[in-house]
Amino acid sequence: MAEIKSHEFDRFLDKSVGLYKIFVIYGPDRGLVSERAAQIAAKTGVAQDDPFAMLKLDVSDLQGDPGRLLDEVNSLGLFGGAKLVWLRGAMNEKPLLDAMQALAKDEPPANILIVEAGDLKKGSGLRKVVEPVRSIAVIPCYADDARALAGLIDTELSAEGLTISGAARQRLMELLGGDRIASRNEVKKLALYCRGAGTVTEDHVDEIIGDASSVSADEAVDAILSGDVASLQRAFQKVLVSKTPIFLILQSCLRQFQLLDVMRAEMDDKKLQAAQVMMTLGRHIHFKRKPIIEKALRSWTAPALARETERLQAAVLQSRQRQSLEPSIAFHSLMAIAIQSSRYR
């Protein structure tokens, strides 16, 4: 298996990407999946503005034409040279699995294939097909850890000739994570705000990214977990009035669902009760919020948590890409989750 771990990716991009024709990039961090796919595409040397050399497909394009992916990957370019086929939105769809099984058995194809997939669980169909194949580069993308976030911050700030104080770095890292593109955009915004200042301070971070009230964020998250639609509407309105960055509400909710996902997995794997898991993985949660979290932990199944985490990750990315629609994107996503939660009450 040619699995490229996070700490190996930069070296892989510089030294080894040309050795492969097929790349499968997957994981819960949609922004990081998209960013790494774009980096690999740039390294292929294929002109991305040439419609005869670059073909972008959505996985839904395969539903009515299951043989299309194989045809495109094996067809010769109109003017010679390798073509890049870039497939997005993949999971474990049958037309994709059939095509990947065929590609896995044959010699490397004539063209280059990049597959962007979502959060594929261990043992899922697509991973079972591609992981044993040494000629396919498999690149998992998980949410940035502290080291990766620190590197992202340093890279973006140094590009503007900025350094950052220890307190500001800690504050900034509390507000980032979950989606690489969203995190990078927030740091770029901070760098632009602080251009010429020399050093980024904690005040700068609060001014441009988050004078956000964590209380209002918790209020919205708790309303969602409780399935209390009316309370969510009030909390969201309070967020708008207070000028709290809406991104932080989405981020808080995403982190909560990621934690619930980890806790639920612990329950299922070790056959534990919710209260037992709360005593270990939930120690840091404020005592006033623990009953809400524990009830949610008992009610939500692992597949349901994964589905809503995916919804939140998509909302974070969409809100960064279309900032003028951020309030609407966030509200509709959060409301949909609250309605789902109300069915468990």
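The expected span of a helix is 1.5 Å times one less than its number of residues. In this predicted model, helix α2 covers residues 30–43, and its 14 residues should therefore span 20 Å, which agrees with the 20 Å that separates its end C-alpha atoms.

Several residues of α2 are buried, among them Gly31, Leu32, Val33 and Glu35, together with Arg36, Ala37, Ile40 and Ala41. The buried residues of this helix pack against two helices, α1 (9–15) and α8 (180–193), and against the strands β2 (22–26), β4 (84–90), β5 (112–117) and β6 (136–140). After α2 comes Gly45, whose phi is positive, near 85°.

Strand β2, one of the partners of α2 in this packing, is largely enclosed by the rest of the structure, because 5 of its 5 residues are buried. In a regular strand the side chains alternate between the two faces of the sheet. In β2, Ile22, Val24 and Tyr26 point one way, while Phe23 and Ile25 point the other way, and all are buried. The strands joined to β2 are set out below.

| Strand joined to β2 | Bridges and direction | Residues standing opposite |
|---|---|---|
| β5 | 4 bridges, parallel | Ile25 and Glu116 |
| β6 | 5 bridges, parallel | Val24 and Val138 |

A further feature of the backbone lies in the loop between α12 (246–270) and α13 (274–280), where Lys271 is found. Lys271 has a positive phi of about 55°, although it is not a glycine. Is Lys271 buried or exposed? The cut-off for an exposed residue is over 50% relative accessible area, and Lys271, at 71% relative accessibility, therefore counts as exposed.

Technical notes: Residues are numbered from 1 along each chain as its sequence is written. This is a predicted model: local features need pLDDT of at least 70, side-chain atom pairs count only at pLDDT 80 or more; totals for chains, interfaces and linings use all residues. Side-chain values use heavy atoms; hydrogens and water are left out. Buried means under 20% relative accessible area, exposed over 50%, partly exposed in between (1.4 Å probe, protein chains only). Contact means heavy atoms within 4.5 Å. Two strands pair if DSSP finds at least two bridges between them.
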